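Me: I've got a model open and I'd like to go through the labels on it. Can we take them one at a time?

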Amino acid sequence: MITSMPLEKFLFIDIETVSQSASFDSLNEEWKELWEEKVNRSLPENVSVDEYYPQRAGVMAEFAKVICISIGYFKKEMTTCQLRIKSIYGDDEKELLQSFIQTVNQLEASNNKWSFTGHNIKEFDIPFLCRRMLINDLTIPAYLDFQNMKPWETNLIDTFQYWRFGDYKNFTSLKLLAAALNVPSPKDDIDGSMVGDVYWKEKNLERIAIYCQKDVVTVANIVLRFKNQPLLKEEQIVFAK
């Protein structure tokens, strides 16, 4: 599907999430108990429940929140093709999710043949967004409600799933896949494991948004590699405010 699909049909997406509280100690007693129940069976040896909270709470939808969503799409301009990227970020998760839905609705109105595209979005980004929308009393848009879609109706392309080629034994990170395909991976001052600290200790949302945007660029280049097309040049990447 990737190889035959026109570039303008890909809608790239990447999200960044953090724990809802800065630390385990800042939770009330009820949520401390719920956290202990959640991780009781998966807790690594010699790691306490409070130490595990900053390590894993940010990827568990019940204990986390979305702080950044980056969206990218290809657009032809004259004789070249641009990748346009927009990031929605902030502390108010409900407002952020509403802005995301509004943005995608606008794209849906002009082009309803696109597919969400990203790395591991089938098992992480999309389910996470849906869960957080429900928690924030928001209606899940039809284009995100994959549970009620038939397999051929699902508008989703996952580079992680595509790379598996039917082999379900191993996980391949975005960084590893990029390296394997000779796609330049951003040399950033942070990685995914540092997002929580950058948010809670530095309060630097813009730094997180830049990191998120660069992952979108990496996925777009991986799609180009799958399609056996040239990688993006710096001047082809446009960041929208």
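Me: What makes Arg-132 and Glu-93 a salt bridge?
Reply: Keep in mind that this is a predicted model. The closest N and O atoms of Arg-132 and Glu-93 are 2.8 Å apart, and the cut-off is within 4 Å, so the pair counts. Arg-132 sits in helix H4 and Glu-93 in helix H3, 39 residues apart, so this one links distant parts of the chain. Both Arg-132 and Glu-93 are buried.

Me: Why is Lys-32 called buried?
Reply: Its relative accessible area is 16%, and buried means under 20%, so Lys-32 fits. Lys-32 also forms a salt bridge with Glu-29, with the closest N and O atoms 3.6 Å apart. Both lie in helix H1, about one turn of the helix apart.

Me: And what makes Glu-29 exposed?
Reply: Glu-29 comes out at 54% relative accessibility; exposed starts over 50%, so that's the label.

Me: How do you know that Cys-212 is in no disulfide?
Reply: The structure holds zero disulfides. For Cys-212, the nearest cysteine sulfur is that of Cys-68, 4.0 Å away. A disulfide needs sulfurs within 2.5 Å, so the pair doesn't qualify. Cys-212 is buried, at 0% relative accessible area.

Me: Why is Asp-50 called partly exposed?
Reply: Asp-50 has 34% relative accessibility, and the label covers what lies between 20% and 50%, so it applies. Asp-50 lies in helix H2 and is one of the residues in a patch of negative charge on the surface. Helix H1 gives the most to that patch, with four residues.

How values were computed. Residues numbered from 1 in each chain as written. Predicted model: local features only at pLDDT ≥ 70, side-chain atom pairs only at ≥ 80, totals over all residues. Heavy atoms only, no water. Buried < 20%, exposed > 50% of the residue type's maximum accessible area, 1.4 Å probe, protein only. Patch = residues over 30% accessible without salt bridge, like charges linked within 9 Å, V, L, I, M, F, W, Y side chains within 5 Å. Areas by Shrake-Rupley, 256 points an atom, 1.4 Å probe, with all protein chains shown as cover. Salt bridge = Lys/Arg side-chain N within 4 Å of Asp/Glu carboxyl O. Lys, Arg positive; Asp, Glu negative; His and termini not counted. Charge placed at Lys NZ, Arg CZ, Asp CG, Glu CD. Helix = DSSP H or I, 4+ residues; strand = E, 2+ residues; numbered from the N terminus.
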